[in-house]
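Visitor: Could you take me through one part of this model up close? I'm a first-year student, so please explain the terms as you go.

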Amino acid sequence: MKKKMTTVTFKGTPEQEAQLIQVIGEYKNTKGALMPVLQKAQAIYGYLPLEVQKIVAEGMDVSLAEIYGVITFYSQFLLNPKGDVAIDVCMGTACYVRGAGDILDKISGSLGVKSGETSDDGRYSLEGVRCIGACGLAPVITINGSVYGRLKLGEVDKILDKYKEKNI
């Protein structure tokens, strides 16, 4: 699934930037260090917004296009922050053949959030993910780490209602 970069106000702190610059300094002259730098950058900020990409590109002396290419190729990297309610829909083979695509569409329609995006208010994020290793429970979603398996399309709204009611 193609990642989309949406407009989210960047809220990085000077302390986070100092941490990132320190990480870049540790790896700057290490061949093949872009991946660990990006992983650590994401650990610092929670995602990799354009502002962070620019710092990494400049610090590692690589193009912004190369940074963006790596981020969009590997599913572990996030262009948008996760929502307060982070929903992952397993799209692995077992889940997909048992209706995960329909479940993803249902969640997207119910919340008004497309896969790979976060709602404008930051409340919900939705992601179609690779196999999560719970094939016996297919189709499976996780919401903030809680696993919901053997889902039927008709159960989706009831599950989402639990998270709409909570002030997470």
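Guide: Let's look at one helix and what covers it, then visit a few other spots. This is a predicted model, so local features need pLDDT of at least 70 and side-chain atom pairs count only at pLDDT 80 or more, while totals for chains, interfaces and linings use all residues. Residues are numbered from 1 along each chain as its sequence is written, and side-chain values use heavy atoms, with hydrogens and water left out.

Our close-up is helix 7, residues 156–165, where Val 156, Ile 159, Leu 160 and Tyr 163 are buried. Helices (H or I, at least four residues) and strands (E, at least two) are DSSP runs, numbered from the N terminus. Buried means under 20% relative accessible area, exposed means over 50%, and partly exposed is in between, with a 1.4 Å probe and protein chains only. Looking down the axis of helix 7, the buried residues fall within an arc of 95°, so they line one face of the helix. That arc is taken from the directions from the helix axis to the C-beta atoms. Turned away from the buried side of helix 7 is a face with the exposed residues Lys 158 and Glu 165.

What sits over those buried residues? The cover of helix 7 includes strand 1 (85–90), helix 6 (100–111), strand 3 (124–129), strand 4 (141–143) and strand 5 (146–148). Contact here means heavy atoms within 4.5 Å.

Let's stop at strand 4, because Thr 142 has its place there and counts as buried at 13% relative accessibility. Leaving out residues up to four places away in sequence, Thr 142 touches Ala 86, Ile 87, Asp 88, Ile 132 and Val 147.

Now for the cysteines: the structure holds zero disulfides, a disulfide being a pair of cysteine sulfur atoms within 2.5 Å. Why no bond for Cys 90? Its closest cysteine sulfur, in Cys 95, is 3.5 Å away, which is too far for a bond. Cys 90 is buried at 3% relative accessibility, and Cys 95 is buried at 2%.

One last stop is a pair of helices. The axes of helix 2 (residues 34–45) and helix 4 (residues 64–73) come within 11 Å and cross at roughly 75°. Helix 2 and helix 4 are therefore roughly perpendicular to each other, a label for angles of 65 to 115 degrees. Leu 34, Met 35 and Leu 38 of helix 2 meet Glu 66, Ile 67, Val 70 and Ile 71 of helix 4.

Key. Axes fitted to C-alpha atoms, helices over the stretch in contact; angles between N-to-C directions. Parallel < 35°, antiparallel > 145°, perpendicular 65-115°, else oblique.
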